[in-house]
There are 4 protein chains.
Amino acid sequence: MKVNRMEAFSDGVLAIIITIMVLEFKVPEGHDWHSLAGLVPKILSYAVSFVYVGIYWNNHHHLLHTVRTLHGKLMWLNLLLLFWLSLVPFSTAWMGESEFAATPTALYGIVLLCAAISYTLLQQAILKQHAPDSPFAQAMGTDWKGKVSPVLYVAAIGTAYLNAWVSCFFYVLVAVLWFVPDQRIERVFRSDPM
Amino acid sequence: MKVNRMEAFSDGVLAIIITIMVLEFKVPEGHDWHSLAGLVPKILSYAVSFVYVGIYWNNHHHLLHTVRTLHGKLMWLNLLLLFWLSLVPFSTAWMGESEFAATPTALYGIVLLCAAISYTLLQQAILKQHAPDSPFAQAMGTDWKGKVSPVLYVAAIGTAYLNAWVSCFFYVLVAVLWFVPDQRIERVFRSDPM
Amino acid sequence: MKVNRMEAFSDGVLAIIITIMVLEFKVPEGHDWHSLAGLVPKILSYAVSFVYVGIYWNNHHHLLHTVRTLHGKLMWLNLLLLFWLSLVPFSTAWMGESEFAATPTALYGIVLLCAAISYTLLQQAILKQHAPDSPFAQAMGTDWKGKVSPVLYVAAIGTAYLNAWVSCFFYVLVAVLWFVPDQRIERVFRSDPM
Amino acid sequence: MKVNRMEAFSDGVLAIIITIMVLEFKVPEGHDWHSLAGLVPKILSYAVSFVYVGIYWNNHHHLLHTVRTLHGKLMWLNLLLLFWLSLVPFSTAWMGESEFAATPTALYGIVLLCAAISYTLLQQAILKQHAPDSPFAQAMGTDWKGKVSPVLYVAAIGTAYLNAWVSCFFYVLVAVLWFVPDQRIERVFRSDPM
């Protein structure tokens with residue numbers, strides 16, 4: 001019962017986060033394709049953030065199904081995750097408006113990194129409710145995506161000051177890692193026949 | 001269980017999309033009916049978009065009831081649909097603000113066309129979960145509205161550069177096609193006694 | 001099942017309508033109580049609209065519990081009601097910003113009148129699903145509030161051009177009529193001992 | 001059934017309140033860390049308000065589970081609470097934008113005080129549905145946080161005109177009081193061995 005309401009509240013917040021980003025697309029003054037060109041960096045940023053929030057919604061959805069007992073700590077870790085995700089629209093807009101200038105592009109990674117850390121904390125708090133040899137605990141043990149993502153975010157933050165394209169490549173790479181179903185990707189990365 | 005949450009999330013996003021469009025109605029500076037006149041194209045655009053989002057909500061609602069197994073691909077096709085629908089408020093506002101100038105009116109059709117294609121992809125992915133002779137598969141086989149709409153959107157996009165009224169006529173026509181219950185309309189279009 | 005989703009969608013839209021009105025309170029430039037004074041007409045308008053949307057949510061909630069079969073017509077009448085209610089934030093903001101000038105105050109009544117008519121249409125469509133001697137049909141037969149409200153809205157629209165205070169008195173009166181529980185008010189108005 | 005919908009509506013409103021606060025973070029004109037510095041007071045205000053709305057969501061969630069019969073009065077007391085909480089984004093933005101000037105900082109406390117009073121009224125109305133010796137009634141009897149908070153808000157409002165830091169200390173203190181689980185804090189405050 002309680003988990004349902006936490007789920008509903010999180011869904012509400014995520015639905016709002018994913019949607020209010022479009023409020024940053026100010027109607028251009030001109031009425032031709034050229035006047036739309038200035039919006040292209042914003043729309044690209046929006047598309048990437050949309051995928052990120054979609055991934056979080058998707059994973060969050062699976063994660064909450066493994067909660068056994070809901071206590072205050074889980075609620076607050078969940079709110080911490082929502083707090084960082086709520087900063088995604090602002091950092092997306094700044095990155096898009098600045099046309100991928102160094103600091104806004106780095107800030108974008110910092111916000112994503114904080115969200116990823118919050119998600120890991122939430123996951124670990126839920127993990128404590130499961131036996132170490134449970135299927136959930138074992139699945140988490142091989143959570144290579146959760147371990148690789150922060151490293152890639154740090155790489156993106158660092159390279160934002162060298163080359164925006166390299167930095168954006170890392171952001172898109174993390175999104176692709178999570179987006180593509182596990183089985184196929186894992187083969188590529190772990191290069192084992194399983 | 002899972003489908004319920006996807007439904008709830010989609011409902012949340014659609015509810016926000018349909019409502020934030022009103023944020024584009026800036027309070028006019030004057031306090032008489034004349035100062036409201038400038039808002040008329042925006043309100044007309046809003047009314048059409050409201051009907052479109054209402055149609056999508058309505059159909060989406062029926063479609064999700066036919067899902068048998070929810071997997072990642074369905075989630076992402078659903079998010080793709082929500083992505084294109086999330087651009088409806090922006091394109092509605094631009095079309096209204098420009099008083100139906102050619103490019104904004106064409107862009108409106110492009111966004112609707114992309115949403116329609118996404119919807120078709122989602123529908124086809126769900127269709128694969130049903131036997132070819134199931135009632136759902138048969139109903140989809142005669143999905144003439146889903147086939148006619150993209151053609152009418154392309155017509156609207158093309159005519160936007162010739163005459164805005166013709167273009168808007170096509171947008172209203174698609175909305176009417178979907179709005180009016182099937183039985184009556186089908187008779188007119190297919191002109192068969194069934 | 002279906003009614004639940006219509007309810008959830010309506011709740012979402014009503015929750016957004018009631019909340020986005022606060023986005024009209026622009027942060028004043030000054031930092032003292034005096035600079036807040038300019039917001040007073042807006043806050044008063046907001047409080048009245050908040051009560052109105054609250055009343056609609058409350059009544060809508062009871063009304064949907066009487067739906068027996070959900071069909072397309074009910075869905076569209078429900079969306080028509082939501083359409084008019086979605087214009088409440090704009091007309092509230094204009095009325096507040098204009099400090100209750102004649103036309104914005106009249107427009108407020110027109111929007112409320114259209115919402116009331118939509119609500120009545122929705123109610124009558126649901127009423128057809130009940131026998132004429134059912135408790136629901138009988139309760140609707142004595143729906144004096146639903147009949148008095150439009151008259152009071154028309155009075156408010158007309159008097160907006162004579163005296164804003166009289167007009168606002170009518171708006172507050174309708175809100176009070178619906179807000180106060182039936183039993184007490186009915187005694188006053190119908191002045192019968194029952 | 002009815003309580004569920006009141007819960008869903010409240011969750012929707014709280015989710016929107018907590019999220020639209022980020023719309024106040026206007027994208028800065030510069031593209032470096034320095035141009036972000038001006039947003040720091042806003043982000044601090046936002047973080048505190050996020051925690052407050054999170055606390056209200058959390059407590060509201062527990063409180064509604066104790067409702068036995070839902071009647072009009074509870075609905076309106078719930079809406080009164082949501083009304084005051086809906087003013088949190090505005091007062092947060094004003095406090096942040098003014099960099100904790102006296103009046104905006106005091107107004108923030110007034111809004112929180114009104115929300116706290118509304119919450120207490122809602123709690124007391126629900127309490128009447130329980131026997132005086134029920135576990136819920138006894139838990140409420142020792143509701144020291146609910147009694148201390150208004151006093152601290154009044155202290156914060158008063159000290160806003162003397163020193164913004166002292167005032168903000170009180171706001172953070174109330175948030176911490178509610179945030180930290182009862183058992184630990186109670187020992188410190190009541191200084192009894194239980």
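The exercises below, each with a worked solution, concern a predicted model.

**Exercise 1.** Work out what span the 26 residues of helix α6 of chain D should have at 1.5 Å a residue, and compare it with the separation of the end C-alpha atoms.

*Solution.* The helix covers residues 102-127 of chain D. The expected span is 1.5 Å times one less than the number of residues, which gives 38 Å for α6(D). The end C-alpha atoms are 37 Å apart, in agreement with that expectation. As for its surroundings, 19 of the 26 residues of α6(D) are buried, so the helix is largely enclosed by the rest of the structure.

**Exercise 2.** Determine which symmetry axis relates chain C to chain D.

*Solution.* Begin with the superposition: a turn of 90° and a shift of 0.0 Å along the axis lay chain C on chain D with an RMSD of 0.0 Å. This is the relation of a four-fold axis. In chain C, the C-alpha nearest that axis belongs to G12(C), at 4.4 Å from it. Turning to the contact residues, 6% of those of chain C recur in chain D, and the copies therefore use different surfaces. Finally, consider two further chain pairs: no contact joins chain A and chain C, whose closest C-alpha atoms lie 9 Å apart, and no contact joins chain B and chain D, where the closest C-alpha atoms also lie 9 Å apart.

**Exercise 3.** Decide whether H61(A) is buried or exposed, and find which residues it is in contact with beyond its neighbours within four places in sequence.

*Solution.* Locate H61(A) in helix α3 of chain A, residues 40-64. Its relative accessible area is 1%, and the cut-off for a buried residue is under 20%, so H61(A) is buried. With the neighbours within four places in sequence left aside, H61(A) is in contact with K2(B), R5(B) and M75(B).

Terms used:
Residues numbered from 1 in each chain as written. Chains lettered and ligands numbered in written order. Predicted model: local features only at pLDDT ≥ 70, side-chain atom pairs only at ≥ 80, totals over all residues. Heavy atoms only, no water. Helix = DSSP H or I, 4+ residues; strand = E, 2+ residues; numbered from the N terminus. Buried < 20%, exposed > 50% of the residue type's maximum accessible area, 1.4 Å probe, protein only. Least-squares fit on C-alpha atoms with pLDDT ≥ 70 in both. Contact = heavy atoms within 4.5 Å.
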